[in-house]
Amino acid sequence: MATPDATSSRSRSPSLGKGMTKESPPRSAREEEKQKKVQGSEEQRGSPSKTKTNSRASAISRRSQAQEKEEEEEEEEEGNSNFSLFPDSDSFRPIKPIQAFVRVKPTAHFARDMIKFGTDNKSIDIHIEKDARGGIVNNSSTDWSFRMDGLLHNTSQDKVYETVARDLVAAALRGYNGTIMCYGQTGAGKTYTMTGATEYEHRGIIPRAIQQVFQAAKESPGLSITVLISYLEVYNEALFDLLGPGSRNTPLAVLDSPQGVCVKGLSIHPVSHEKQALNLLSEGGTNRAIAEHALNKNSSRSHCIFTIYIECHSRVYRNLKGIKSKITLIDLAGSERLSEVPSAGHIRKENFYINRSLTFLEQIILALADPWRDHIPFRQSKLTHVLKDSLGGNCNTVLVTNICGEAAHVEETLSSLRFATRMRWIMAEPVANVTFEQEVSVKALEEEIDLLKHELTMKDMFENRLVTYSPLTGAQRAAIKSQVHKYLRGDIEEIDIVNIRQIQEVFKQFKAIISQQEKDIEAKLRSKYLLGDRGESKADFGSEVGEEVEDEEKEDKEKKDKAGVADLDAGLVQEVEKLQREALETGTSSSSPVPGEKKEDKKSEEQIK
C-alpha cells in the first residue's frame with residue numbers, strides 16, 4: 001500500500017513515456033542567441049563536432065556488433081560441446097535451482113478473475129475474495145503472486161516434452177541423473193502428463209523419453225548402450241513391483257547401500273528396443289491401483305516411479321570411459337481434502353496415506369532448501385526414502401505442477417503453487433557418473449603392449465638388430481651365467497647385452513656369485529678357527545671349575561691376547577684374501593654347475609646374439 005507522500009510525489013513527477021525526453025531548465029535569451037550562433041558556425045564549417053560524434057558512434061556500434069558476434073560464436077561452441085557423450089570431470093559444475101513448471105488443465109469454466117498469467121509466461125497471480133464469514137475485521141490475504149520457470153497453458157503433449165524433459169534426457173545420455181516429478185490435486189492431469197493417452201500424438205513424458213533414448217542409441221553405432229527398466233508402486237506405505245512375477249501380498253524393502261538407495265526384490269528388466277519398453281510400461285500400468293473418484297473416474301491411488309537405467313561405453317577398447325545414469329519419472333497420487341472424500345471406507349484410508357506421504361515429502365523439500373540443516377529425515381516415509389537420490393543433490397530435477405483452472409479448486413491450486421515455489425528453493429549440483437571398466441582397461445593395455453612390441457621390432461629391423469622382447473628361456477639364462485663366470489675369470493672382456501631383460505639377469509647372476517662366495521668363506525673360516533664353538537666350551541668348563549679358576553684363565557687369556565692379537569688379525573686377513581683368489585680361480589666350482597656348460601657355450605652365445 002502506497003503512502004500519501006509517495007502518491008503525491010508520483011503525481012508531481014509522472015513517468016516518461018516512450019519517445020519522451022526530460023525537459024531542460026529554462027535558459028536566458030542571451031544564452032539562446034549564443035547557442036544559435038555556435039550552431040550556425042558549425043553548420044557553415046561542416047559541423048566537425050557532429051561528424052566526430054557520428055564517426056565515434058559508428059565505431060562504437062561496429063565494435064559492439066563484433067563483440068555480440070563473438071559472444072554468439074562462443075555460445076554456439078558451448079552448446080556444441082554440451083552434446084559430447086563423455087563429459088570432462090574437471091569442467092565447472094554449475095549449481096542451479098530445481099526447475100518448476102505449471103501446467104493448467106484445459107477447462108471451459110476457467111476462472112479468469114481469480115487466476116491471471118503474466119505476459120512473460122512465467123508468473124501467475126491468484127486472487128481470492130475475502131469470505132464474509134470472517135467478520136468485519138478480516139486480515140486474511142487476498143492476492144498471491146508466484147514465479148515459475150514456465151507456464152504450460154493450452155499446450156500439446158509434444159510442447160510439454162520439449163519444454164520439460166528433452167534436455168534432461170539428453171543430459172542423462174551424457175551421464176547425469178535426472179528426475180521428473182508430477183504433483184497436483186486429484187484430476188489435474190498428472191498421469192496424462194506423465195504417461196499420456198492411448199493415441200500416439202497424446203503420448204506422455206515416459207513414452208517420449210523411451211523413444212529419445214533408443215533414437216540416440218540408433219544414431220550412435222560406435223557406442224554400446226544398454227537400457228534397463230523398473231516400475232515401482234508405493235501404495236498405503238507399502239512398496240510393490242508392478243513388473244514382478246509375485247503377487248501384491250509380498251511388499252518390498254528399501255535399503256541404503258554405498259552406491260545409494262536400492263529396493264530389495266525390485267525386478268530390473270533389460271530392453272533392447274522401444275516396443276519392448278512400451279509393453280513393460282503398459283503391463284505395469286494395468287497392475288497399478290486405480291479407483292473411481294468424484295474428480296476422476298480412473299484416479300490413481302498410489303505413487304508410481306518408472307526408472308530408466310542407462311549404461312553406455314564405447315565399442316573401441318582403447319576408450320576406457322563409460323557412463324551410468326538413470327532417469328526417474330515420478331507420478332504422484334493426487335492430494336485431497338478430507339472434507340471432499342467419504343467419511344469412511346477404503347478410499348478414505350487411501351487418502352490418509354496419500355496425504356501423509358505428501359506431507360512428509362513437503363517436509364523433505366523444506367529441509368533440503370535450508371542450507372544450515374544437518375539432518376534430512378528421508379526415512380519418515382517409504383516415498384521419501386525411495387526418492388533420497390532423486391531430489392536435488394547431484395541430479396537434474398524438474399517439477400511439473402498440475403493445477404485446475406476452475407474457481408471451485410482455487411484453494412488446491414494455491415496449495416500446489418506453494419509447493420512448487422518451495423521446490424525452487426532447492427539447489428542442485430549435477431555430477432556426471434563416469435566409470436572405468438576393468439575388463440576394458442585390461443584389454444586395452446594388452447593391445448597397447450602388443451603394439452609397442454611391434455614398433456620396437458620394426459625399429460630393430462631398420463637398425464639391423466636382432467632383439468627379442470619375450471621373457472628369457474632357461475637356455476638363455478644358462479648362457480648369461482656362463483658368460484658372467486668367464487668375465488670374472490678374465491676369459492672374455494665383454495658380456496653381450498642387447499635388451500633390458502639380459503641386464504637384469506646379469507646383475508642377478510653377479511648377486512648369486514657374491515652371496516655364494518660369502519657363504520663358502522664363512523664356512524671355511526668356521527671350520528678352521530672354530531668360531532662360535534670356542535666360547536660355548538669355555539662356558540661349560542668355567543661352570544665346572546668355579547669362579548676362581550675362571551678369573552685365572554681370564555687373566556692368562558688377556559696376556560695371550562695382548563701378545564698375539566696382531567698376529568691373529570693378520571692371519572685372518574691373509575686367509576680371507578687367499579680364499580677369495582681360490583674362488584675366482586675355480587670359477588663355477590663354488591656355485592651350482594650348469595650341465596653341459598662347456599659343450600653349449602658357443603650355442604648359448606649364438607642364441608643371445
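Is Gln-185 buried or exposed? In this predicted model, Gln-185 is buried, with a relative accessible area of 3%, and the close-up views below begin with the loop that holds this residue.

**View 1. The annotated binding site and the loop between strand E7 and helix H6.** An unreviewed UniProt entry carries the annotation "binding site" for Gly-184, Gln-185, Thr-186, Gly-187, Ala-188, Gly-189, Lys-190 and Thr-191. Gln-185 has its place in the loop that runs between strand E7 (178–184) and helix H6 (190–194), and Thr-186 lies in the loop between E7 and H6 as well. Thr-186 has a relative accessibility of 4% and therefore counts as buried, since the cut-off for that class is under 20%.

**View 2. The largest nonpolar core, with Leu-332 at the centre of the view.** This core has 49 residues, of which Ile-124, Ile-126, Met-181, Leu-232, Leu-239, Leu-332 and Met-423 touch the most other members. When neighbours within four places in sequence are left aside, Leu-332 is in contact with Met-181, Cys-182, Tyr-183, Lys-190, His-303, Leu-358, Leu-361 and Leu-383. Apart from the largest core lies another one, of 37 residues, and its members include Ile-206, Ile-210, Ala-277 and Ile-308. Such groupings follow a general tendency, in that nonpolar side chains of soluble globular proteins tend to be buried together.

**View 3. A salt bridge between helices H9 and H11.** Glu-362 forms a salt bridge with Arg-422, and the closest N and O atoms of the two are 2.0 Å apart. Because Glu-362 lies in helix H9 (residues 346–369) and Arg-422 in helix H11 (residues 410–423), the pair ties together parts that are 60 residues apart in sequence. Glu-362 counts as partly exposed at 23% relative accessibility, and Arg-422 counts as partly exposed at 24%.

**View 4. Further salt bridges, among the 12 that the structure holds.** In helix H14 (residues 500–529), Arg-526 and Glu-522 are four residues apart and so are separated by about one helical turn. Arg-526 forms a salt bridge with Glu-522, with the closest N and O atoms 3.4 Å apart; Arg-526 is partly exposed at 43% relative accessibility, and Glu-522 is partly exposed with a relative accessible area of 43%. Salt bridges that share partners join Asp-256, Arg-379 and Lys-388 into one network. Arg-166 pairs with Glu-162 in another salt bridge, in which the closest N and O atoms are 2.7 Å apart, while Arg-166 counts as partly exposed at 32% relative accessibility and Glu-162 counts as partly exposed at 38%.

**View 5. Aromatic pairs, of which the structure holds four.** Phe-110 and Phe-117 form a tilted pair, at 5.8 Å centre to centre and with 40° between the planes. Phe-110 counts as buried at 17% relative accessibility, whereas Phe-117 counts as partly exposed at 28%. Phe-352 and Tyr-353 form an edge-to-face pair, at 5.4 Å centre to centre and with 70° between the planes. Phe-352 counts as partly exposed at 48% relative accessibility, and Tyr-353 is partly exposed with a relative accessible area of 24%.

**View 6. A charged side chain over an aromatic ring, formed by Arg-203 and Tyr-200.** Arg-203 lies over the face of Tyr-200, at 3.9 Å from the ring centre.

Terms used. Residues numbered from 1 in each chain as written. Predicted model: local features only at pLDDT ≥ 70, side-chain atom pairs only at ≥ 80, totals over all residues. Heavy atoms only, no water. Core = buried A, V, L, I, M, F, W, Y, C linked by side-chain atoms within 4.5 Å. Buried < 20%, exposed > 50% of the residue type's maximum accessible area, 1.4 Å probe, protein only. Contact = heavy atoms within 4.5 Å. UniProt positions renumbered as here; feature names shortened; annotations may be inferred. Helix = DSSP H or I, 4+ residues; strand = E, 2+ residues; numbered from the N terminus. Salt bridge = Lys/Arg side-chain N within 4 Å of Asp/Glu carboxyl O. Phe/Tyr/Trp six-rings, centres within 6.5 Å; stacked < 30°, edge-to-face > 60°. Lys NZ or Arg CZ within 6 Å of the ring centre and 35° of its normal.
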